[in-house]
There are 2 protein chains.
Amino acid sequence: MPKSDIEIAREATLQPIAEIGAKLDIPQDAILQYGPYKGKVSFDFIKGLADRPNGKLVLVTAITPTPAGEGKTTTSVGLGDGLNRIGKRAAVCLREPSLGPCFGMKGGAAGGGYAQVVPMEDINLHFTGDFHAIGIAHNLLAALIDNHIYWGNELGFDSRRVSWRRVMDMNDRALRSIVTSLGGTPNGFPREDGFDIVVASEIMAIFCLATDLEDLTERLGKIVVGYTRDRKPILARDLKAPGSMAVLLKDAISPNLVQTLEGNPAFIHGGPFANIAHGCNSVIATQTALKLADYVVTEAGFGADLGAEKFFDIKCRKAGLKPNAAVVVATIRALKMHGGVAKEDLGKENVEAVKKGCSNLARHLRNVKSFGVPAVVAINRFITDTDAEMEVVRQVVKELGSEAVVCSHWAEGSKGTEELAQKVVALVESGTDQFAPLYDDDMPLWDKIETIATNLYGASEVQADKSVRNRIRELQETGYGHLPICMAKTQYSFSTDPNLKGAPAHHSLTVREVRLSAGAEFVVAICGDIMTMPGLPRVPAANSIHLDSEGRIEGLF
Amino acid sequence: MPKSDIEIAREATLQPIAEIGAKLDIPQDAILQYGPYKGKVSFDFIKGLADRPNGKLVLVTAITPTPAGEGKTTTSVGLGDGLNRIGKRAAVCLREPSLGPCFGMKGGAAGGGYAQVVPMEDINLHFTGDFHAIGIAHNLLAALIDNHIYWGNELGFDSRRVSWRRVMDMNDRALRSIVTSLGGTPNGFPREDGFDIVVASEIMAIFCLATDLEDLTERLGKIVVGYTRDRKPILARDLKAPGSMAVLLKDAISPNLVQTLEGNPAFIHGGPFANIAHGCNSVIATQTALKLADYVVTEAGFGADLGAEKFFDIKCRKAGLKPNAAVVVATIRALKMHGGVAKEDLGKENVEAVKKGCSNLARHLRNVKSFGVPAVVAINRFITDTDAEMEVVRQVVKELGSEAVVCSHWAEGSKGTEELAQKVVALVESGTDQFAPLYDDDMPLWDKIETIATNLYGASEVQADKSVRNRIRELQETGYGHLPICMAKTQYSFSTDPNLKGAPAHHSLTVREVRLSAGAEFVVAICGDIMTMPGLPRVPAANSIHLDSEGRIEGLF
């Protein structure tokens with residue numbers, strides 16, 4: 001039986017974080033330690049890097065997720081290690097996992113096998129406290145809103161139209177929909193409200209898009225927190241909230257440095273939802289890594305239709321980043337599921353199903369390349385994969401003018417990504433990248449949605465109710481028309497129907513709602529049910545998580 | 001104009017936390033750093049100290065608080081520095097301040113003037129994340145309760161009798177009373193609920209009374225979270241929650257080490273409410289300090305009627321601590337207010353009022369000594385105090401067989417507490433301490449309440465409704481009769497009427513409610529309105545808190 005992730009992680013000998021920093025020439029006093037193996041890179045040091053040239057930026061994205069898994073984070077870590085193995089100074093940039101979901105389903109979000117970031121327990125729990133800081137900054141703003149209404153409501157909030165909810169880093173369905181301020185006059189004016197999980201906070205998205213503390217504060221001020229009875233927006237700055245919120249975030253904003261199992265540097269910083277937000281680690285972490293490393297490997301949430309698109313059209317556009325190459329991760333098992341195979345039959349060879357499922361991979365690959373970013377496919381090998389199945393993928397990818405490389409980093413670490421690393425370097429050194437976002441800022445909001453849906457999703461049309469269209473027009477006319485779109489749809493299909501695997505075409509995309517994230521600077525187009533506060537399962541992982549007699553965590557992974 | 005606290009703090013040159021630890025012979029690798037000036041002392045190191053002898057324990061308590069202030073934390077810090085100044089190896093043990101209230105009223109809780117603990121901004125905000133950890137552990141338990149009900153309610157919760165509320169470290173009156181689980185079947189069964197501030201969580205009290213992780217987990221399991229329809233208690237362990245909660249608290253439980261402005265060691269760890277809980281820093285911090293220092297100065301919340309009594313009867317009783325001396329802090333201004341002077345007239349000399357107000361000091365001093373703890377009075381000097389006023393206090397204290405010492409640590413640091421430190425050492429070295437709690441474990445709960453009220457508060461009787469008496473009898477008969485009492489009454493008077501200054505006598509104490517804190521192991525007797533979720537004022541401090549152009553926090557203090 002192979003070792004579990006936690007067993008492998010525990011066998012590793014971690015290097016002091018100062019030594020990891022030294023690999024990127026970060027001086028010891030520029031690392032604020034959080035215990036021996038975690039550090040925050042100081043902002044003063046980061047500011048001094050501005051004039052340095054950037055390293056190369058490589059995005060790791062994936063095919064449409066299935067229950068079979070594709071291993072995007074694992075591949076990001078494996079590629080980072082692989083690049084180091086072949087002599088490149090490389091760092092990975094990943095999202096911080098959310099604490100709450102750890103107590104629902106077993107399993108962390110720090111890679112797996114021999115391609116992990118460590119210390120994994122810390123990373124999956126409180127880490128350096130960033131999410132706690134974001135949560136409390138969010139809830140301070142919420143408290144200031146109700147406090148303002150309580151003391152006279154000078155700004156004229158319509159209490160039915162307070163759009164700023166509260167947050168908690170916990171899977172707690174009981175808080176999705178609540179009524180607050182009950183209990184009489186000392187407690188305020190009752191109104192409907194609810195909690196989202198912290199990763200769904202607009203502050204998380206702002207945190208990950210801000211370039212420094214000034215930009216962060218400016219963006220916090222632009223958050224629309226509610227409306228007056230005549231529907232005029234009220235902003236966070238009208239409540240004089242941004243200064244305090246920035247104070248709560250001032251330490252969190254420094255990027256976190258940890259290490260891979262092979263002792264290579266990993267920045268793990270910020271983790272917004274990939275549906276109602278853009279699903280990428282912080283711009284600050286990516287920019288810092290680019291100044292310090294020759295190669296920076298980063299990931300985006302969900303499949304390339306959501307993750308890579310938002311990485312390109314929101315993060316790279318806003319931060320002026322130029323990705324030099326992309327890796328599209330696939331597994332034979334996931335491709336089989338896209339080819340119609342049920343989960344219980346994945347262990348059997350099925351070349352035809354793989355071939356059929358490659359329609360999904362092919363569209364993602366074409367999409368990524370349509371942004372002017374050269375791409376390679378990584379087949380994240382599983383023990384049951386057969387040579388014939390892998391050969392089919394190689395052929396399909398070759399016909400699309402790219403290459404597919406089989407990786408075995410889960411089992412072998414960087415040895416298993418050496419070839420992938422070589423291909424990525426060759427691709428980057430070919431200098432063929434000519435990144436451009438999919439659409440221009442000045443394209444109208446509605447057209448942006450149509451462009452994404454038809455060019456990338458294979459949809460033939462976009463639909464929306466009159467009220468939604470009116471809302472889009474209103475945003476267009478009130479100064480928000482230049483913002484990019486953040487699509488919120490199911491991650492399980494190119495369409496809005498999670499059951500449509502492969503590469504569905506000629507479907508119709510219905511926009512059910514639009515939301516303005518004025519501080520994050522995007523307009524969210526919601527297509528389908530989006531859950532922003534998860535629940536716990538019948539038997540939550542919390543039931544079996546505990547400390548063993550040596551004080552080690554059991555049951556979390 | 002004298003310098004502000006924040007100006008003084010910023011002028012200080014902090015020593016690396018390893019150097020502070022070295023003063024207590026803590027090896028560098030036993031300190032988990034949180035940036036350069038904060039550290040957690042590792043539990044492995046603490047475990048190895050068990051066989052060492054204890055240092056001397058000195059409690060700093062105070063007269064009944066008034067708006068004029070008495071400076072208990074400042075005096076604790078000043079005394080710690082004074083003891084170091086006269087050549088004793090001393091450490092202070094303080095409570096961690098709560099983040100939420102910083103955004104309401106201006107002002108921190110890390111001492112003042114030249115008697116502060118630093119870095120003060122960090123200590124007052126996220127610090128090392130302990131309160132965030134406690135908050136999320138609390139809310140995990142809450143989520144598990146509603147999740148249990150959602151999935152079938154096997155344990156038979158009566159949803160009207162869920163006693164475990166939720167918490168947030170924020171002054172947010174809108175959350176005091178809410179209805180949760182609205183929105184239909186996917187969100188559960190609607191019920192009344194509410195949020196308290198984190199410091200009011202029973203987990204905070206447990207955290208501060210636990211002696212190690214095993215004891216912590218055991219206590220977490222004993223928390224009563226609700227009742228069945230036939231009023232059988234349901235415990236946290238019935239929900240299999242304690243293991244996960246302990247995992248969330250495993251780092252927080254290590255005591256935090258920082259420094260005073262004079263570079264002496266300060267442990268700041270845990271901070272429970274001083275009304276519905278016992279208001280003292282963690283037992284673990286105090287015990288660790290006692291193993292490492294020759295003198296440990298610690299404080300308790302509010303006046304000695306609440307703070308010192310709970311320190312003695314709850315913390316010392318449970319942890320087996322033997323306080324060797326106590327300091328009762330008073331100011332001339334506060335004594336004047338107890339003597340009937342209005343706040344605006346405090347600047348004028350008024351010897352008669354001081355004399356009259358000394359009735360309050362006298363009773364506190366007698367009370368403290370009744371526990372077998374020798375005591376000295378510290379007059380925390382203010383610039384308007386006159387010699388005649390101070391002489392009155394000296395006389396009153398002398399007649400009670402103790403000494404009063406004038407201190408000027410706010411303005412002068414340890415130079416201003418040198419005499420106090422000498423007196424404390426003399427008192428400790430006299431060996432006259434013979435600490436014993438006020439009552440025995442096996443005294444019935446009702447009699448414990450009467451004993452506290454009549455012996456310490458000057459009450460002539462204790463009253464309670466039949467329902468309250470029944471509840472006390474029920475607790476007595478169901479195995480909780482051996483627990484100590486945690487009195488929750490106004491801190492502004494010996495009586496339950498906050499307007500009765502001085503030393504009111506022959507008043508009646510009415511117990512309105514009793515609550516069981518089974519994990520913390522005390523029974524709370526609530527006498528008056530106790531607010532467990534504060535609100536923000538009309539113009540909250542949050543409006544003016546911000547980062548200046550150099551990234552420093554403005555407006556917080």
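1. Let's start with the surface the two chains share. In this predicted model, chain A and chain B bury about 5,400 Å² between them, and 66% of that area is on carbon and sulfur atoms. On the chain A side, A:W151, A:R173 and A:V247 lose the most area to chain B, together 11% of what that side buries. Counted by residues, 62 of chain A are in contact with 62 of chain B.

2. Next, the polar links. The interface of chain A and chain B holds 29 residue pairs in polar contact, both partners being at pLDDT 80 or more. Two salt bridges are counted between the chains. For an example to look up, try A:R166 and B:D172, which form a salt bridge with their closest N and O atoms 3.0 Å apart.

3. Which elements should you look at on chain A? Those giving two or more residues to the side that touches chain B are strand 1 (31–33), helix 6 (130–150), strand 8 (166–168), strand 9 (178–180), helix 9 (242–249) and strand 25 (546–547). Helix 6 of chain A gives the most, with 10 residues. By residue type, this side of chain A divides into 35 nonpolar, 18 polar and nine charged.

4. Now for the symmetry. A turn of 180° with a shift of 0.0 Å along the axis lays chain A on chain B with an RMSD of 0.0 Å. That is the relation of a two-fold axis. If you want to find the axis from chain A, go to A:Y34: its C-alpha is the nearest to the axis in that chain, 2.2 Å from it. Of the interface residues of chain A, 100% are also interface residues in chain B, so the copies meet through the same surface.

5. Finally, a residue worth a visit is B:H126. In chain B, B:H126 lies in the loop between helix 5 (120–124) and helix 6 (130–150). Is B:H126 buried or exposed? With a relative accessible area of 17%, B:H126 is buried, because the cut-off for that label is under 20%.

6. The surroundings of B:H126 include residues of both chains. Leaving aside residues up to four places away in sequence, B:H126 touches A:A133, A:I136, A:L248, B:L99 and B:H132. Two of these neighbours can be described further. The side chain of B:H126 makes a polar contact with the side chain of B:H132, at 2.9 Å. From the other chain, the backbone oxygen of A:L248 lies 2.7 Å from a polar atom of the B:H126 side chain.

How values were computed: Residues numbered from 1 in each chain as written. Chains lettered and ligands numbered in written order. Predicted model: local features only at pLDDT ≥ 70, side-chain atom pairs only at ≥ 80, totals over all residues. Heavy atoms only, no water. Helix = DSSP H or I, 4+ residues; strand = E, 2+ residues; numbered from the N terminus. Buried < 20%, exposed > 50% of the residue type's maximum accessible area, 1.4 Å probe, protein only. Polar contact = N/O pair within 3.5 Å; in protein donor to acceptor, adjacent residues only side chain to side chain. Contact = heavy atoms within 4.5 Å. Buried area = accessible area lost by both parts, 1.4 Å probe. Salt bridge = Lys/Arg side-chain N within 4 Å of Asp/Glu carboxyl O. Nonpolar A, V, L, I, M, F, W, Y, C, P; charged D, E, K, R; others polar. Least-squares fit on C-alpha atoms with pLDDT ≥ 70 in both.
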